[in-house]
Amino acid sequence: MSEEEKMQPTPMVSVIVPIYNASRFLQKCLSSLAGQTFDDFEAICVDDGSTDASADIVRGFADRDKRFTLVSKENSGYGASMNVGLDHARGRYVGILESDDFFDPQALELLVFAAEAADADVAKGNFWLYWSSPNERRIPFSVVDGPLVGRTFCPRGDADLAIFFRKPSIWSGVYRRSFLEENGIRFLETPGASYQDAGFNFKVWAAAERATFIADCVLCYRQDNEASSVKSSAKAFCVCDEYQSMAEYVGEHFSGPEASRLTGILERMKLDSYLWNYDRLDPSLRPEFVERISHEMSDDVAAGRVDMTLFEPGAAADLDALVNDPARFVRSRDALRLPAGEVARYLALGGVPLLAKALRFKAHGHSVRRTNQEGAAL
């Protein structure tokens with residue numbers, strides 16, 4: 001942070017906008033920020049070496065509105081951009097707005113009011129899934145469900161662990177900046193990597209003493225950006241690096257029962273992420289990925305890091321296959337593409353006995369995750 005930045009009045013919120021070749025969506029994104037009903041913010045627009053008109057669009061906003069600042073750097077990836085934004089942030093709170101998304105008009109007002117009222121380290125809301133074509137539409141996506149709404153608590157110590165397993169959606173919240181700094185919560189800077197939002201999200205829930213939740217949808221999360229990293233098959237092992245970073249964070253910041261509990265949560269999260277990553281990979285990348293994660297999860301089980309009480313019958317069968325019979329694991333993922341894919345998956349994993357057990361669990365069991373395959377609340 002420059003001396004000039006330090007001398008400026010301190011805003012309530014620093015909103016970090018990471019940008020890379022986003023000119024197609026950036027005008028709408030930044031306009032949604034400029035039009036907030038809560039106006040005590042600074043917008044730190046970090047341009048990651050864009051080769052399109054993104055920087056010019058930001059300059060146009062900065063020329064008209066002193067709250068907007070362009071920070072330019074050489075291309076080094078999302079995590080590095082977010083950390084540069086954190087380094088420049090001066091606000092009491094930090095918000096995040098990705099360059100292809102856009103805020104609802106009251107987003108900052110709702111989140112800051114909730115954080116202030118609860119004296120919270122983090123305030124979290126819901127969001128909209130948004131499509132601009134062929135027809136504009138939005139669908140609410142709930143990471144905050146009824147049991148969480150209006151509550152303020154310490155996630156790592158609470159009986160309700162569901163928030164750990166919901167879609168990271170780090171941009172539908174605000175974070176007390178001093179909380180992030182005191183707990184060393186930053187982003188992994190693997191060049192060209194993805195999944196940094198998962199690591200940031202886990203560290204927030206692990207470290208927060210007071211997290212508060214609102215039901216309002218505060219942002220439109222764009223689903224029709226073809227350049228989005230979730231549709232790239234070129235980052236096969238980035239998710240493994242991210243989970244290694246999370247495990248290291250637990251080891252450095254926690255001990256005793258807290259560390260054990262967080263490690264168990266992390267192992268269950270890891271299986272979900274590894275399954276999702278496997279399914280999205282190009283088929284040519286899958287064998288090597290399965291080999292790596294099979295060895296990794298085997299080591300985790302042997303070291304006693306896995307809490308099987310967090311695994312529903314299907315997930316427990318996934319883990320068993322991955323560790324003990326990777327070929328069976330692969331057959332089960334292929335079975336998902338068949339008609340009645342979920343049933344075919346259970347049959348491939350454990351035959352009729354597993355299918356019956358899974359059906360009984362769905363009818364009468366209770367999952368602490370309360371989370372579907374998309375990361376939304378059940």
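Mentor: Let's start with a term: a residue is buried when its relative accessible area is under 20%. In this predicted model, Tyr221 has a relative accessible area of 15%, so Tyr221 is buried.

Trainee: Which ring pairs with Tyr221, and how far apart are the centres?

Mentor: In general, a pair of aromatic rings is described by the distance of the centres and the angle of the planes. Here the partner of Tyr221 is Trp171: the centres are 4.5 Å apart and the planes meet at 25°, so the pair is stacked. The two residues are 50 apart along the chain, with Trp171 in the loop between strand 8 and strand 9 and Tyr221 in strand 10. Trp171 is buried too, because its relative accessibility is 3%.

Trainee: How many aromatic pairs are there in the whole structure?

Mentor: A search finds 19. One of them is the stacked pair of Phe153 and Phe213, at 5.4 Å centre to centre with 25° between the planes. This pair joins strand 8, which holds Phe153, to strand 10, which holds Phe213, across 60 residues. Phe153 is buried at 6% relative accessibility, and Phe213 is buried at 1%.

Trainee: And what about charges over rings, say for Phe102 and Trp128?

Mentor: The charged end of Lys28 lies over the ring of Phe102, 4.6 Å from its centre. Over the ring of Trp128 sits the charged end of Arg138, 5.5 Å from the centre.

Trainee: How many disulfides does the structure hold?

Mentor: A disulfide needs two cysteine sulfur atoms within 2.5 Å, and the structure holds zero. For Cys29, the nearest cysteine sulfur belongs to Cys45, 7.6 Å away. Cys238 has its nearest cysteine sulfur in Cys240, at 8.9 Å.

Technical notes
Residues numbered from 1 in each chain as written. Predicted model: local features only at pLDDT ≥ 70, side-chain atom pairs only at ≥ 80, totals over all residues. Heavy atoms only, no water. Phe/Tyr/Trp six-rings, centres within 6.5 Å; stacked < 30°, edge-to-face > 60°. Helix = DSSP H or I, 4+ residues; strand = E, 2+ residues; numbered from the N terminus. Buried < 20%, exposed > 50% of the residue type's maximum accessible area, 1.4 Å probe, protein only. Lys NZ or Arg CZ within 6 Å of the ring centre and 35° of its normal.
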